[in-house]
Amino acid sequence: MDFRFTPDEQAFLKEVQTFIDQLLPKDWMGVDPDGHNEQADEKLHQFDLEVRKKLAAKGWLGLQWPKQYGGQETTMVKRFMLEQELIYRGVPYWAISAALMTGDMILQFGTEEQKQKFVPPIAHGEVQWCVGMSEPDAGSDLANLKLRATEDGDFFVLNGQKTWQTGAYYADWSIVYARTDASPNVKKQKGISTFLVDLKSPGITMRRIPQMTGHPAFAEIFYDNVRVPKANMLGVLNGGWSVCLFGVATEKSFGYWLINSGRRDLELLIKYCRETKDHEGKLICEDPLVRSRLAQLAIELEVGRNLGIRLNWMATKGMTIIAPACQLKPFGGGILQRLGNLGVQVLGLYGPLDEESKWVRLRGRMKYLYLGAVAMTIEGGTNEASRNTVASLGLGLPRQ
Amino acid sequence: MDLALSEEQEMLWKSARDFLASKVPKTLVRQMEEDEKGYVPELWKEMADLGWIGLPFPEQLGGGGFKFLDLVILLEEMGRACLPGPFLSTVVLGGMPVVEFGTEEQKKAIIPKLCKGELIMTMALTEPSARYEAKAVQVEAKAEGDHYIINGTKLFVNDANVADKIIVVARTAKKQHPEEGITLFLVDRKAPGVKIHLLKTIAGDKQCEVTFEKVKVAKADILGKADHGWAIVKKVMEWAALAKSAEMQGGAQQVLEMTIQYGKDRVQFDRPIGSFQILQHYMADMSIDVDSARVSLHKAAWMLSEGIPCRKEVAVIKGWLDEAYRRVTAQSHQIHGAIGFTKDHDLELYFRRAKAAELYFGDADFQREIVAQELGM
């Protein structure tokens, strides 16, 4: 047993850390790994583009991809290291990761032509992707999606609606899961296909959906006779469900992302408590109740981080990680909700203040986290859906 | 990075699992809860012959030369089996400080016998104040010529009823800082003036009140340096918290597995109860508690084995398991229903042990304070 990285990996980590130090403005508060702040604010989006270009220039987009498609053919370990470090520091990474996930999916299911056309621009940081999954009647029950794709010569014609789609407003392209067989005698999962859709296509309209944080990170997208070339179907006709499951599986680090993002927020809060005095002139961190609650969150984050280290290690060894990933997801989301809650409480009456206020503390980060973390036990698989997966795939519990 | 057990560790783990499954049925566990000694001498000898008691000690002293991580793997299986007896006390509270801080004579006199199963040890640290703190050490040892005379009461001493040697933590000088002026003594349990009174606990383990009435100890029997004993205690507390965590981990793992099996077997409303979503979610949460603990336990033990400072990591895993083990056993009771809280079922053994283990070598509040300090608060 050895929890250390190899010297080569350690050197890479150092390089990544130096890169991030140079990249981030001073006193950077960080963004959340779900893209909800990064994808809703023009300034943050511009920074996201800058990060993307700099990562591409380093050759760090698609690290483990084949060189012929713009990759570096390095190990998964390095991709994980880069990812976790970026998330820990709160670098905008969500949109980049959505593109990388798309690249992974195209490399797995795409035709040679699709690989050559779509993957190198991702590695070069030239294009932003998002994913169209949820619909008004297809949330956790994704297979119930109704957006229709009907064949018409060399095209599929898309009609319907996607919703709660993160990052669509700034994206160039979207993966779209659509119904290609609606026969009542066909299982819902067997009538879905996957399409790579240019969001500038005629017939697409979009409405941004503001969230309770005040940020419009979601969009609903309406497809009205949108013509998509057949060459842009990913995988086989009606084989979209396995493409989707693969995509979801590659997103399985999300729980670990939440943990690493939480480490930054906890450090921020602890720093505040070490530097700020209460009304009696005592440092906040000397209050035994505050100390204990902060330490408890530190314990949870550390234990969760260890679970994440194990998850990534299992992934690099080619082990099945769907159940372990589904353990980490609710764990991480829950911690961030408790952290946001405690953060606002520790700030007292300053806690609920808007970030624009001259009296605001920690630039409103704790208030934002309190609101933003609600999403974290829902997006990317609700806690309940995750537990179902742990119970069936991980623990082997019966369905009936 | 490699998080898998080595081949040797796999073998240790498997042989421990098999041995304990065959030699320690739950009937024996229950019998030992009522027994005055609380362990089976023949079994103790067999464990010594297997090399378990000497596992972490140097080969030249008759030990196995293994690392703390290996000991943790063994302790996990002991916790799973609810193995009764003074293993943790002898190895971690007794043998380890002797090897680390003892003189050559002390090591040679104690460790080979200990490895052979011929010597049982423990440490007498806590007192009626029930705190694991330096200022709680009030039992006095006064120097008189070549000797010290110990007077006072130690409380909650593990396995003192069967220990041959007790490491007694005593105050030898009143200094400004409570951590100064503490000395450790190797005391024979049978020395004149030592009295042992067995306490009954929720876990059915053997905690003792140990009184010292003018107990004479030679200066040669000081462990470490006079007045500087607290540094040793701090180390032992770290080892003991980690060792206890390993037992707790094994217990939690066993409870999780028992519960999943029960969920598959128990039929109500014409279906296995493990098919009900709410119980599935309870078990999913239990698995998160247990799996996150295991990797954290191994990380802390690995760091200790590699000589990497791990005060925080040990506090993290003990603090986590203090609550997680109890949570897991309580949730398991809810899933097992009525049978779980009867003496006909094994589960209650774990529920009782979880609560006691939570308090031994620092409860969650104690561990959180260490974590807070380590984070600079």
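Half of chain A sits inside the fold: 50% of its 400 residues count as buried in this predicted model. The chain is built from 11 helices together with 8 strands. Its radius of gyration comes to 22 Å, close to the 21 Å that the globule rule gives for 400 residues, so chain A is as compact as a globular protein of that length. Along the principal axes, a box of roughly 75 × 50 × 45 Å holds the C-alpha atoms of chain A. Contacts between distant parts of the sequence feature strongly here: among the contacts in chain A with a separation of 6 or more, 71% join residues 24 or more positions apart.

Helix H4 of chain A offers a handy example of a covered element. Spanning residues 94–109, this helix has 16 residues and runs 22 Å from its first C-alpha to its last, close to the 22 Å expected at 1.5 Å a residue. H4(A) is mostly covered, with 13 of its 16 residues buried.

Turning to the partner chain, the contact between the two draws 36 residues from chain A and 38 residues from chain B. On the chain A side, at least two residues each come from helix H7 (254–275), helix H8 (288–316), helix H9 (322–346) and helix H11 (383–394). H8(A) gives the largest share of that side, with 15 residues. By residue type, the side of chain A that touches chain B divides into 20 nonpolar, 8 polar and 8 charged residues.

Methods: Residues are numbered from 1 along each chain as its sequence is written. Chains are lettered from A and ligands numbered from 1 in the order in which they are written. This is a predicted model: local features need pLDDT of at least 70, side-chain atom pairs count only at pLDDT 80 or more; totals for chains, interfaces and linings use all residues. Two residues are in contact if their C-beta atoms, placed from the backbone, lie within 7 Å. Helices (H or I, at least four residues) and strands (E, at least two) are DSSP runs, numbered from the N terminus. Ala, Val, Leu, Ile, Met, Phe, Trp, Tyr, Cys and Pro count as nonpolar, Asp, Glu, Lys and Arg as charged, and the others, Gly among them, as polar. The expected span of a helix is 1.5 Å times one less than its number of residues. A residue is buried if 20 or more other C-beta atoms lie within 10 Å of its own, exposed if 12 or fewer, and partly exposed in between; C-beta atoms are placed from the backbone. The radius of gyration is taken over C-alpha atoms; the globule rule is 2.2 Å times the number of residues to the power 0.38.
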